Structure formats: C-alpha cells, structure tokens
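Trainee: I have a fresh model open on my screen, so please walk me through it piece by piece.

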Amino acid sequence: MAVKTKPRPKVRVTEADFEKLAAIGSASRAPMPGASLLLEELERFSIVSDTDRRAKFVRLGSQVTYRDLALDRERTVRVGLPGEANVDENRISVLAPIGAALIGLAVGDVFRWEGSDDRAREIEVLAIED
C-alpha cells in the first residue's frame, strides 16, 4: 500500500520573480537537487502582480524563519539568486533544496519533499520579512 502524502501548499510568485526563476531553472544543466525541485515548483506557481503586497509569501530577497520539522531546528535565512548565496551571512540560493522549497510559501505552510539522499524533508514557515 502506498503511503499517502498531503498535497503541497499553494505557492505564489511575482511576475518579475517568475521570469528570473524560470531562467535560472532552465539554465541549470547539472543535475542539482535544488534545481530539480525548483523546476517542479515552477509548474505550480500562481503568478501575482509585482505591486500586490497584500499577500505575504517568500519572494526573492525575503528573510525567512523556518523550522526543520525532522530536526526540530529553527533557522533564519535570506532567499536569493545563486550569485547572492553566502553561508556566513545566512543567504541561500533558490537552487539549494531549502531555497527552492521556501520560495512562494506563506507563514504556516508546511512543505515536504524527498532529499537527494532519499530521506523525507519537512519544513514549516514561521515568519517572513521582505
């Protein structure tokens, strides 16, 4: 019997971010787990106007506090483009699995995926700052 998993939460993206993410995802030639996850999520995004600030969700440049539910650990990171990643400054790329998982989520959303090591990963968004 197959294990039943909950559907992934709704993901939103601005028009400008969608264009950047689509370009990054399609340009990623090497088999990278984060790039694969980002490409999967690109198909699910609901595109919103760049000027619509009513909906609070993780955008490029957002600072996000999330809980890794498997490790029961909180972390705050800023999600950005690959060239902006810097471990010392807690800046992660959307091509990193966690970055690809966070983009488009809202506070309270729980996102599950299988890591490249075949282990289940699960995160919950706790706070978002633009």
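Mentor: Two strands count as paired if DSSP finds at least two bridges between them, and the elements themselves are DSSP runs numbered from the N terminus, of at least four residues for helices (H or I) and at least two for strands (E). This is a predicted model, in which local features need pLDDT of at least 70 and side-chain atom pairs count only at pLDDT 80 or more, while totals for chains, interfaces and linings use all residues. Residues are numbered from 1 along each chain as its sequence is written, and side-chain values use heavy atoms, leaving out hydrogens and water.

Trainee: Okay, in what sense do E3 and E4 pair, and over how many bridges?

Mentor: Strand E3, residues 63-68, and strand E4, residues 73-80, are antiparallel partners joined over 6 bridges, and within that pairing Gln 63 stands opposite Arg 78 of E4. The two strands form a hairpin with 4 residues between them, and Asp 72, which lies in the turn, has a positive phi of about 50°.

Trainee: And which way do E4 and E5 run?

Mentor: E4 and E5 (residues 91-93) run parallel and are joined by 3 bridges, with Gly 80 placed opposite Ser 93 in E5.

Trainee: What does Thr 65 in E3 contact?

Mentor: If neighbours within four places in sequence are left aside, Thr 65 is in contact (heavy atoms within 4.5 Å) with Glu 74, Arg 75 and Thr 76, and also with Glu 124, Val 125, Leu 126 and Ala 127.

Trainee: Is Thr 65 buried or exposed, then?

Mentor: Thr 65 is buried, because its relative accessibility is 17%; buried means under 20% relative accessible area, exposed over 50%, and partly exposed in between, with a 1.4 Å probe and protein chains only.

Trainee: Switching to H1: what should its 13 residues span?

Mentor: Helix H1, residues 15-27, should span 18 Å at 1.5 Å a residue, and its end C-alpha atoms are 18 Å apart, so the two agree; the expected span is 1.5 Å times one less than the number of residues.

Trainee: Which residues of H1 are buried?

Mentor: Asp 17, Leu 21, Ile 24 and Gly 25 are buried in H1. Because these residues cover an arc of only 95° around the axis, they are on the same side of H1, the arc being taken from the directions from the helix axis to the C-beta atoms. The buried residues of H1 pack against strand E1 (12-14) and helix H2 (33-42).

Trainee: What about the segment before E1, where Lys 10 lies? What does Lys 10 touch?

Mentor: Not counting residues up to four places away in sequence, Lys 10 touches Ser 46, Gly 104, Leu 105 and Asp 109, and Lys 10 nevertheless counts as exposed, because its relative accessibility is 53%. Lys 10 and Asp 68 are 58 residues apart along the chain, and their C-alpha atoms are separated by 19 Å.

Trainee: One last topic, the loops: what is the phi of Asn 90?

Mentor: Phi of Asn 90 is near 55°, a positive value in a residue other than glycine. Most residues other than glycine have a negative phi. Asn 90 belongs to the loop between E4 and E5 and counts as partly exposed, because its relative accessibility is 35%.

Trainee: And what is the phi of Asp 118?

Mentor: Asp 118 also has a positive phi, near 65°, and is placed in the loop between strand E6 (110-114) and strand E7 (120-129). With a relative accessible area of 58%, Asp 118 is exposed.
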